[in-house]
Amino acid sequence: MADVLLIDDDPLLRGALLEHLKHAGVDAEDAQDGLDGLAKARQNHPKIIILDEMMPRMSGQEFIEALRAEEWGKQI
């Protein structure tokens with residue numbers, strides 16, 4: 001289970017941010033879009049989510065709304 005979930009559809013930006021987080025000793029994982037991120041968030045319940053707003057398949061706002069509908073996500 002990662003402490004940080006990074007969700008961004010830009011693979012270069014996502015990779016760079018993930019590399020910096022891991023270099024800093026942060027337990028992090030990434031997702032390529034909101035749907036992928038939601039599946040990983042449901043499975044791992046990360047402490048922090050870094051989220052892009054404009055993504056295909058599910059925007060950042062749609063992700064937040066879906067996450068808040070989850071029992072464990074209501075605190076977000």
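Welcome! Start by selecting residues 4-7 and 28-31: these are strand 1 and strand 2, and four bridges pair them in the parallel sense. Keep in mind that you are looking at a predicted model.

Now zoom in on Leu-5 in strand 1. Which residue of strand 2 stands opposite Leu-5? Click across to strand 2 and you will find Glu-29. Turn to strand 3, and there Leu-5 stands opposite Ile-49.

Stay with strand 1 and show its side chains. Val-4 and Leu-6 point one way, while Leu-5 and Ile-7 point the other way. Are these four residues buried or exposed? All of them are buried.

Next, select residues 48-51, which make up strand 3. This strand runs parallel to strand 1, joined to it by four bridges. One pair to highlight is Ile-7 with its bridge partner in strand 3, Leu-51.

Step back to see the whole sheet. Its three strands are arranged in the order 2-1-3, with parallel pairing, and the sheet is open. Strand 2 and strand 3 are the edge strands, each pairing on one side only. From one strand to the next, the twist averages 20 degrees.

Time for the helices. Select residues 11-23 to light up helix 1, which combines with strand 1 and strand 2 in a right-handed β-α-β unit. Helix 1 lies across strand 1, strand 2 and strand 3, and runs at about 170 degrees to strand 2. Finally, select residues 60-69 for helix 3, which packs on the sheet and touches strand 1 and strand 3. The direction of helix 3 makes about 155 degrees with that of strand 3.

Key:
Residues are numbered from 1 along each chain as its sequence is written. This is a predicted model: local features need pLDDT of at least 70, side-chain atom pairs count only at pLDDT 80 or more; totals for chains, interfaces and linings use all residues. Side-chain values use heavy atoms; hydrogens and water are left out. Buried means under 20% relative accessible area, exposed over 50%, partly exposed in between (1.4 Å probe, protein chains only). Helices (H or I, at least four residues) and strands (E, at least two) are DSSP runs, numbered from the N terminus. Two strands pair if DSSP finds at least two bridges between them. A crossover is right-handed if, with the strands pointing away from the viewer, the path from the first strand over the helix to the second runs clockwise. Axes are lines fitted to C-alpha atoms, for helices over the stretch in contact, and angles run from 0 to 180 degrees between N-to-C directions. Contact means heavy atoms within 4.5 Å.
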